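Colleague: Could you take a close look at the largest pocket for me? I'd like to know what lines it, and then how the enclosed space elsewhere looks next to it.

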Amino acid sequence: MLELTSNDKTAIENILCILDSDSFVEIGEKVEAGVITGYGSLDGDLVYVFAQDDSTRGGSFGENQANKLVRLYTAAIKSKAPVVGFLNCCGIRIEEGLDALNALAAVYEIQAQASKQILQIMIKCGECIGSMETMSAFSDVVISNSAENSAEVKEKVFNLIKRLPASTSGDIPSIESRDDLNRLCSSIDEKRKSRIHMLRELSDDSFLIEVNQEKGKGIVNCFIALAGRTVGAIAAEPDSVISRDAAIKTSQFISLCSKFQIPLLNIIGGGGFEDPGSANTIVKALVDSEAMTVDLIPDNTCGSCYSVFSSKGQGRGYTFMWNEALVQLMNPLFAADILHPNLSLRELGEKAKEYEKNSCSAEAMAAKGYVDKIIKPEESRKYLIGAFETLANVRR
């Protein structure tokens, strides 16, 4: 989850801080509803925006607010434009009772329709509990409070709007990059223990937006850029045990990339799963995904993580492997002991080396067709760019 803040700004200030100067047009400005709604531009791109106002009737939610939100979403869907919302609401207006609950259902319905068609970004800038938490769950990216300032808020929302398609019928934006397409990543091998640092090394001009970093440690979900094109990246940290929360956030990110046909870079790694359900969650998301995928195996990974994350058997793209990387069913020494019992320790060590070379190495993987090309770490960027270029017009 990206981390942002409103710095206790008013609803209108939150809106104005992300839009181009003098571009905001309010919709329904005379309706007292506890929310400001309207549209404007962000670097020239049309954006629909709303901000809940906690200064109106305690920041509670009622029928008028629902009506304004439904009208806003209806217009955004018709225009195929994204919605950015600032959530700051203490809950349902008690005095409106069932009428407010029924109105909220209409908001959920239009958000559900929007979730299949347009980009939604929600920024939690105040209270966001109960029904408001459900509103945020309909969005593609949720941004929560931190100590960042307004300039950083605008920059991150700006990058999401500029880098992601506005709608499912839109193309993935291409941003001109000054970075060398054939640039060698000379220090990437040293950075592989931190997937964030590794991905920054690969990306154009070190561009990276991480999503949901506070949830499910052990897997990085982010957007990077390769040759000006947006690429989603999922990267299991080396030797990490993947938790249920990590699996859920990753499956949601895979679904987001699938929704907008954003290709996936899959950095295969990890040391196993917390439980079978975690593995199942990721496998299902990958199988259901419409996004083309390129795999990179940069270091040692256990068999279960390879089987879950690998897209080779699903026909979705290409697989590259660093020349020193290994895919292990188990520790080679243990495997040698099972296959060759009663050997001396010296003989067992020799058999372990033989097993590693013949069953775990990049050469063994390539010989069986499980890897398309063995590459040097520093060559990763140019090979990934080339692979994604071939998939640019491919749809599943």
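**The largest pocket and its lining**

Modeller: Sure. Helix 8 is the place to begin, since that helix gives the most to the lining of the largest pocket, with eight residues. Keep in mind that this is a predicted model. Helix 8 covers residues 244-259, and two other elements, helix 4 (131-137) and strand 9 (141-144), also supply at least two residues each to that lining.

In total, 23 residues line the pocket, and its volume is about 600 Å³. If you want to find the middle of it, go to Ala137, Phe138, Ser139, Asp140 and Gln252, which lie nearest the centre. Of these, Ala137 falls within the span given for helix 4, and Gln252 within that of helix 8.

On chemistry, the lining is a mix: nine residues are nonpolar, eight are charged and six are polar.

Now for the enclosed space. The count comes to one cavity of 30 Å³ or more, and the largest cavity holds about 30 Å³ of space. Its lining consists of Leu226, Ala227, Arg229, Ile385, Phe388 and Glu389. Helix 14, residues 380-390, provides the largest share of that lining, three residues. By class, the cavity lining has four nonpolar residues and two charged ones, with no polar residues. The charged pair is Arg229 and Glu389.

So much for the cavity; back at the pocket, helix 8 with its eight lining residues is the element to display if you only pick one.

Technical notes: Residues are numbered from 1 along each chain as its sequence is written. This is a predicted model: local features need pLDDT of at least 70, side-chain atom pairs count only at pLDDT 80 or more; totals for chains, interfaces and linings use all residues. Side-chain values use heavy atoms; hydrogens and water are left out. On a 1 Å grid over the protein atoms alone, a cavity is a set of points where a 1.4 Å probe fits but cannot get out, and a pocket is an open set with protein on both sides within 12 Å along at least five of seven lines; lining residues have an atom within 4 Å of a point. Grid points are joined across faces, edges and corners, and a volume is the space filled by probe spheres set on the points. Helices (H or I, at least four residues) and strands (E, at least two) are DSSP runs, numbered from the N terminus.
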